[in-house]
Amino acid sequence: LERTERALAALHSPHRAYRALHVGGTNGKGSVTATLASVLQRSGRKVGCYTSPHLCSFHERILVGGRPVSEPALIAYAHETREAIERYGLTFFEAVTVLAFHVFAREGVEVAATEAGLGGRLDATNVLAPDVSAVTSIAMDHMDYLGGTLAEIAREKAGIVKPGVPFVTSERDPALLEIFADVAHRAGAPMHVVTPDRVRDVVVAADHTSFLMTTRAWGDLEVVTPLVGAHQATNTAVSVEMLEHVPDALRPERRALLEGIRAVRHHGRNEIRAIGGRTWLFDVAHNPAGIASLAATLDRLDLPRPRVALIGVLADKDWRAMLPPLLGRVDAAVLTVPPSAPADRRWDATAAATALGTDSRVTAVQGFE
């Protein structure tokens, strides 16, 4: 973290100018971060929200008050950080993280909801001193950086645990929970687990997910989130649990909590839209665990048929494990190469289709250029 810390020090430590909540994990961390920001904003706070990657515009990564920073302002802030970024040779993600923290300080935010990148221990966002941290869950992804086993990945993700800072997780694997408990104990960090029984009576619809949850701060809650899927009930519960453990002055009132959850927006997560008289479902699942959540949502929803999947996967993802569960729930599929994929990470869609055998429902279009 030295490069990031030095660059921030040169900018007068902007990441110390506001409170922070820090969210890591393999899947779900972006949804949790967006929900935290929405609730705190509904509470009357000026909130910064930092997530990654972006879907369509770089501006999506850095939000203040629920909105992207204007183009002229963002460029001006980037100029202010440029000398420090170049002096210490920051990577792209390190540079964007420094920019985000600088923007939040210059914009006068009171609290920043921040999503970790692909890791935890060595992630640029880990320079924060948060009031609460969380790791949603652990799955196989980014193994070339984080380790080849779930245990190794869990230890890297748990690197965001801070001494004495409450730590929340929704992980269910006993072995991984033991790792988290060990890390939290060594750090003197109170650990709070969102167990499956905390989320009850989950109902998944095409435009929302509802569930019941019992809390210490607000009693029994009937929660409705516009994020679709049973896994989003768990993600929302992680957000609620985190907000239970913030300092008293920051904890939202019951009404702001429920209204903020209802108002959250986080695109590309089981997002169902009607376009041109057809129903589209957009999802950014990019590992087997994410595909499992998508498949479970498809099983719960009565979507129109035929269902045709347009699938683009990066070459370093485990597409051999990802494709079968999805193909088993659609009537046809087109495999293709996303135009935005870096040249060195483009999968061979034709070879993938061939590897699936003689399934006539699957076709390949190598690219749209």
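Leu303 sits in the loop between α10 (288-300) and β14 (308-312), with helices (H or I, at least four residues) and strands (E, at least two) taken as DSSP runs numbered from the N terminus. The model is a predicted one, where local features need pLDDT of at least 70 and side-chain atom pairs count only at pLDDT 80 or more, while totals for chains, interfaces and linings use all residues. Residues are numbered from 1 along each chain as its sequence is written, and side-chain values use heavy atoms, leaving out hydrogens and water.

With a relative accessible area of 14%, Leu303 is buried; here buried means under 20% relative accessible area, exposed over 50% and partly exposed in between, using a 1.4 Å probe and protein chains only. Leaving aside residues up to four places away in sequence, Leu303 touches Ile272, Thr279, Leu281 and Leu298, where a contact means heavy atoms within 4.5 Å. Leu243 is 60 residues from Leu303 along the chain, and the C-alpha atoms of the two are separated by 34 Å. The loop between α10 and β14 also holds Pro306, and a cis peptide bond with omega of about 5° joins Arg305 to Pro306.

A second cis peptide bond turns up between Ser52 and Pro53, with omega of about -10°. Pro53 belongs to the loop between β2 and β3 (62-64). As for backbone angles, Ser13 has a phi near 50°, a positive value in a residue other than glycine. Ser13 is in the loop between α1 (2-10) and β1 (19-24) and is partly exposed, at a relative accessible area of 29%. Asp201 is not a glycine either, yet has a positive phi of about 50°. Asp201 is placed in strand β9 (residues 200-204) and is exposed, with a relative accessible area of 56%.

On to the interior. The largest nonpolar core has 32 residues, and those with the most contacts inside it are Leu21, Leu36, Met242, Leu243 and Leu257. Such a core is a set of buried Ala, Val, Leu, Ile, Met, Phe, Trp, Tyr and Cys residues joined through side-chain atoms within 4.5 Å. Helix α8 (residues 230-244) gives this core its largest share, six residues. Apart from that core lies another, of 27 residues, including Ala73, Ala95, Ala112 and Val127. In soluble globular proteins, nonpolar side chains tend to be buried together.

Met242 is in helix α8 and is buried, at 0% relative accessible area. Not counting residues up to four places away in sequence, Met242 touches Leu21, His22, Val23, Val32, Leu36, Val132, Ser133, Ala134 and Val168. Gly312 is 70 residues from Met242 in sequence and 34 Å away in space, C-alpha to C-alpha. By the same sequence cut-off, Leu257 touches Val39, Trp218, Leu221, Val240, Leu243 and Pro252.

Six aromatic pairs are found in the structure. Rings of Phe, Tyr and Trp (its six-membered ring) pair if their centres lie within 6.5 Å, with planes under 30 degrees apart counted as stacked, over 60 as edge-to-face and the rest as tilted. Tyr50 and Phe93 make a stacked pair, 6.2 Å centre to centre with 25° between the planes. This pair links distant parts of the chain, with Tyr50 in strand β2 (residues 47-50) and Phe93 in helix α4 (residues 92-107), 43 residues apart. Tyr50 is buried, at a relative accessible area of 0%. The rings of Tyr50 and Phe101 have centres 6.2 Å apart and planes at 75°, so this pair is edge-to-face. Phe101 is in helix α4, 51 residues from Tyr50, and the pair again links distant parts of the chain. Both Tyr50 and Phe101 are buried. Ring pairs thus join Tyr50, Phe93 and Phe101 into a cluster.

Arg45 lies in the loop between α2 (29-42) and β2 and counts as partly exposed, at 26% relative accessibility. Not counting residues up to four places away in sequence, Arg45 touches Leu40, Glu110, Val111, Ala249 and Leu250.
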